[in-house]
Amino acid sequence: MPRHAEIAGGGIAGLNAAIVLARLGWSVRVHERAPEIRESGAGIFLRKNSIDVLDFVGAFADLAPKGVKIQKSRIADREGRIRQEFDVTPSRLHCVPRQALVDVLAQVARRAGAEIELSSTAVAAEEEGALVLQDGRRLRADLVIVADGARSPVRNSLVPAARYWELKTAVNRHFVPTRDIAREPFTTQHWSGNRRIGITPTSETHTYVYTVCRDTDTSGRALPLDVDNWNEAFPSLRRELEIISAAPVIQYRYHLVRCPRWHRGRVAIIGDAAHGLPPTLGQGAGLAIMNTYALGQCLDRTAPVEQALDDWERKVRFLSDMTQKWSCRYDWFTREWPERLDFMRPAIFWAFRRLPFLDQRMRLAERGLEAIGFATA
Ligand SMILES: Cc1cc2nc3c(=O)[nH]c(=O)nc-3n(C[C@H](O)[C@H](O)[C@H](O)COP(=O)(O)OP(=O)(O)OC[C@H]3O[C@@H](n4cnc5c(N)ncnc54)[C@H](O)[C@@H]3O)c2cc1C
């Protein structure tokens, strides 16, 4: 009899866990609260650590043609002058539409034998190995995976000490149906005071744009985008702002999750439910994908599930903790940096990129599974 897993949540983390376990011979069922597998529209950056895993589980070949391989990462000032430019081709950076990512993950999960039950809401997990659903079912399993996102009611049922915070940064994610504002495969972040605009091509037809500001910046947060107001901060981007303001958009607040333990008995907590973090380093999904792969490896090597989960958390957790810490510092740096010291910011960026001591700490997750002692081959 194959071992059986019940998974709460059909987002990036839950679907990737389903693929990893199904490929290891487990029978797997995913419970997704929504009536379809759906991500809110814009793009997402994938870096080496997640791409290596997606390659290994057979999902990246289907996904890569739907996105854009980024060649350069650039930082521009308020006048549009490029202040920093890096070749990112050696480090594998792609931007893909979010919906394409979850569609491919769901397809590959089903192909590997996983079942996905839609409109199925989980309410609690029990450490002896049971997932409780809103419709009253209590499903026994060798392993329960909690992947229901940052607010995670299922995690809270298991680890009441877990905390979710909203940070003081607001972000609007725009999914712009043209490449007219990003013809080249470059990602560009424009900085002006405590506001940022990121512009990146995410498919042949779409550009992913994020506009970020303090949550107290009411004009900056306003939707539809206040073109005149943003244009004052970014005088060179009038045409782009007009195009961006007409595109579909969703607003978020940066958040943070602190979960003192990621497993209890036969239950593992993964993805944003375990380590939700501000997206400043583009690593939330990256960590989720990497950690679920490592989870599969631990379960495959160690027979008792409880022991495998213990081993897994001990090995992988520090990397997510460190990435959370640096993504919060980066968020603070962009949000709270005094405007009168704006001129110093390029020098600080330069220092981070050029001094391996700093850069390697901040971007440790990008090194991928090898940084936590696992191999993808
Ligand atoms: C503005 C922004 C930009 C980002 N950019 C990047 C980036 O470039 N790169 C990157 O790697 N990461 C990025 N992230 C982070 C990334 O989006 C998240 O880390 C990732 O989506 C987390 O996936 P998840 O599956 O853990 O959670 P979620 O995506 O929240 O998925 C949870 C799923 O569980 C379902 N669910 C919820 N409750 C229940 C329940 N009770 N029962 C059953 N199902 C339930 C939900 O419907 C959902 O489908 C960004 C985040 C934000 C906010």
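**Entry: Asn172**

I began with the side chains of Asn172 and Gln251, which a polar contact of 2.7 Å joins; by polar contact I mean a pair of N or O atoms within 3.5 Å, where within protein one must be able to donate a hydrogen and the other to accept it, and residues adjacent in sequence count only if both atoms are side-chain atoms. The model is a predicted one, in which local features need pLDDT of at least 70 and side-chain atom pairs count only at pLDDT 80 or more, whereas totals for chains, interfaces and linings use all residues. Residues are numbered from 1 along each chain as its sequence is written, and side-chain values use heavy atoms, with hydrogens and water left out.

I then looked up a second polar partner, and found the backbone oxygen of Arg221 at 3.4 Å from a polar atom of the Asn172 side chain. Asn172 lies in strand β13; helices (H or I, at least four residues) and strands (E, at least two) are DSSP runs numbered from the N terminus. Is Asn172 buried or exposed? Asn172 is buried, at a relative accessible area of 2%, where buried means under 20%, exposed over 50% and partly exposed in between, with a 1.4 Å probe and protein chains only. Not counting residues up to four places away in sequence, I list among the residues that Asn172 touches Val209, Tyr210, Thr211, Val249 and Gln251, a contact being heavy atoms within 4.5 Å.

**Entry: strand β16 and its partners**

I followed β13 to β16, with which β13 pairs in the antiparallel sense over 8 bridges; two strands pair if DSSP finds at least two bridges between them. The bridge partner of His174 in β16 is Val209. Strand β15 (residues 195-201) also pairs with β16 in the antiparallel sense, over 6 bridges, with Ile197 opposite Thr211, and a hairpin through 5 residues joins β15 to β16. I noted that 7 of the 8 residues of β16 (residues 207-214) are buried, so β16 is largely enclosed by the rest of the structure.

**Entry: the ligand**

Which residues are the closest to the ligand? Of the 30 residues that surround the ligand, the closest are Glu32, Phe45, Arg98, Ala122 and Asp272, a residue being near if one of its heavy atoms lies within 4 Å. I recorded three polar distances: a ligand oxygen atom is 2.6 Å from an N or O atom in the side chain of Glu32, a ligand oxygen atom is 3.2 Å from a polar backbone atom of Ile12, and a ligand nitrogen atom is 3.1 Å from a backbone N or O atom of Arg33. Taken alone the ligand exposes 1,000 Å², of which the protein buries 89%; accessible areas come from the Shrake-Rupley method with a 1.4 Å probe, and for residues only the protein chains shown count as cover.

By class I found 11 nonpolar, 12 polar and 7 charged residues in the shell, with Ala, Val, Leu, Ile, Met, Phe, Trp, Tyr, Cys and Pro counted as nonpolar, Asp, Glu, Lys and Arg as charged, and the others, Gly among them, as polar. α1 (12-23), β3 (43-46), β13 (163-176) and α10 (284-301) each supply at least two residues of this shell, and α10 gives the most, with 3 residues.

**Entry: the sheet with β3, and Cys95**

I went from β3 to its sheet, an open one of 3 strands in the order β3-β7-β4 with antiparallel pairing. β3 and β4 (68-69) stand at the edges with a single partner strand each, so one side of each has no neighbour in the sheet. β4 pairs with β7 (residues 94-97) over 2 bridges, and Val68 stands opposite Cys95. Cys95 is buried, with a relative accessible area of 0%, and touches, among others outside the four-place window in sequence, Ile44, Phe45, Val68, Thr200 and Tyr208.

**Entry: backbone checks**

I checked the peptide bond from Leu223 to Pro224, which is cis, with omega near 0 degrees; Pro224 lies in the loop between α6 (218-221) and α7 (227-233). Arg92, in the loop between β6 (82-87) and β7, has a positive phi near 55 degrees although a residue other than glycine, and Arg92 is partly exposed at 25% relative accessible area. Ser119, in the loop between β8 (115-117) and β9 (122-126), has a positive phi near 50 degrees.
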